[in-house]
Amino acid sequence: MASSAQQRSSSAVISDDCCAIASRLNASAEAAMGNTEHAAQWAAARPRPRPRVDNDDERPASASPKKKYDVFINHRGVDTKHNVARLLYDRLGHLSGGRVRSFLDNKSMRPGDRLHESINEGIRQCRVAVAIFSPRYFDSDFCLHELANIVESRKVLIPIFYGIKPSELILPKEVVDSETFTSEEIERFKVALKEARYTVGLTYDPTKDDMADLVLNAANAVMERIQEMEQRVPQRRQMIVSRL
């Protein structure tokens with residue numbers, strides 16, 4: 001059913017149309033009788049068209065579309081934000097022609113966004129997560145919480161070992177012994193790191209490896225995973241239809 005505001009708007013338009021028709025008829029009649037002055041008065045009395053009013057105030061806030069992300073880039077900013085993380089973000093956009101959207105904090109969030117909510121939403125939406133492990137990765141509470149959420153959400157995880165070996169993905173003793181985290185959080189971090197440690201990823205040695213090769217290989221790995229997921233969707237639909 002139409003809202004009351006829409007009904008009032010429709011009624012007003014109909015009323016204006018009727019008045020306009022009556023004014024034109026009266027003006028024509030007066031002109032035919034030679035009363036040019038009265039004809040001019042009726043013509044001037046014709047109502048002007050009402051400007052269109054969109055009832056945005058009646059639309060629910062949830063009606064505004066949210067950004068949809070395909071990839072979440074988990075990284076330690078001080079180590080990788082201005083090199084591999086940013087280059088991977090740009091490369092994915094270029095390879096896909098802008099079709100694949102990546103969540104990178106300083107590129108995807110605006111002033112006023114709620115930090116935790118935005119990050120959690122980016123993880124929830126993504127199909128593939130890239131975790132860039134670097135020497136100072138464990139210094140960041142955000143990195144550890146994000147990784148735990150990614151693993152618990154069972155997202156496809158592609159690790160990049162940036163100047164660090166997979167065997168070094170062990171929660172440091174100072175983090176375990178600190179009073180910053182609860183025992184439940186410590187356990188979540190350990191489980192997530194173990195999952196990443198035993199996941200095939202890409203390695204990079206800053207002293208000898210080529211950054212361009214790392215970014216290209218990482219972007220190709222992400223695109224392959226996304227394409228595989230998109231190919232599975234028609235197959236699943238076909239299986240469902242065949243069962244009906």
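## Exercises on a parallel sheet and its aromatic pairs

A right-handed β-α-β unit is built from strand 3, helix 6 and strand 4. The model is predicted, so to speak of local features takes a pLDDT of at least 70, side-chain atom pairs count only at pLDDT 80 or more, and totals for chains, interfaces and linings use all residues. Residues are numbered from 1 along each chain as its sequence is written, and side-chain values use heavy atoms, with hydrogens and water left out.

Helices (H or I, at least four residues) and strands (E, at least two) are DSSP runs, numbered from the N terminus. Right-handed means that, with the strands pointing away from the viewer, the path from the first strand over the helix to the second runs clockwise.

### Exercise 1: the sheet

Find the strand order of the open sheet and name its edges.

**Solution.**
- Step 1. The sheet has 5 strands in the order 2-1-3-4-5, with parallel pairing. Two strands pair if DSSP finds at least two bridges between them.
- Step 2. Look at the ends of that order. Strand 2 (102-103) and strand 5 each have a single partner strand, so one side of each lacks a neighbour in the sheet.
- Step 3. Go to strand 1 (residues 71-75) and strand 3 (residues 128-133). They pair in the parallel sense over 5 bridges. His75 stands opposite Ile132, and Asn74 stands opposite Ala131.
- Step 4. Move on to strand 4. It runs parallel to strand 3, joined by 6 bridges. Here Ile132 faces Ile160.

### Exercise 2: strand 3 and helix 6

Work out how strand 3 is covered, and which strands helix 6 touches.

**Solution.**
- Step 1. Count the buried residues of strand 3: 6 of its 6. Buried means under 20% relative accessible area, exposed over 50%, partly exposed in between (1.4 Å probe, protein chains only).
- Step 2. Sort them by face. Val128, Val130 and Ile132 lie on one side, Ala129, Ala131 and Phe133 on the other. In a regular strand the side chains alternate between the two faces of the sheet.
- Step 3. Place helix 6 (residues 141-152). It packs on the sheet and touches strand 1, strand 3 and strand 4. Contact means heavy atoms within 4.5 Å.
- Step 4. Take the angle. The direction of helix 6 makes about 145° with that of strand 1. Axes are lines fitted to C-alpha atoms, for helices over the stretch in contact, and angles run from 0 to 180 degrees between N-to-C directions.
- Step 5. Follow the chain onward. Arg154 lies in the loop between helix 6 and strand 4. Its phi is positive, about 60°, although it is not a glycine. Arg154 is exposed, with a relative accessible area of 77%.

### Exercise 3: aromatic pairs

Classify the pairs Tyr162 with Tyr204 and Phe181 with Phe189.

**Solution.**
- Step 1. Apply the rule. Rings of Phe, Tyr and Trp (its six-membered ring) pair if their centres lie within 6.5 Å; planes under 30 degrees apart count as stacked, over 60 as edge-to-face and the rest as tilted. The count comes to 7 aromatic pairs.
- Step 2. Tyr162 and Tyr204 have ring centres 5.0 Å apart and planes at 20°, so the pair is stacked. Tyr162 is in strand 4 (residues 156-162) and Tyr204 in strand 5 (residues 202-204), 42 residues apart. Both are buried.
- Step 3. Phe181 and Phe189 are edge-to-face, at 5.1 Å centre to centre and 90° between the planes. These two are buried as well.
- Step 4. Add the cluster: Phe133, Tyr137, Phe138 and Phe161 form one.
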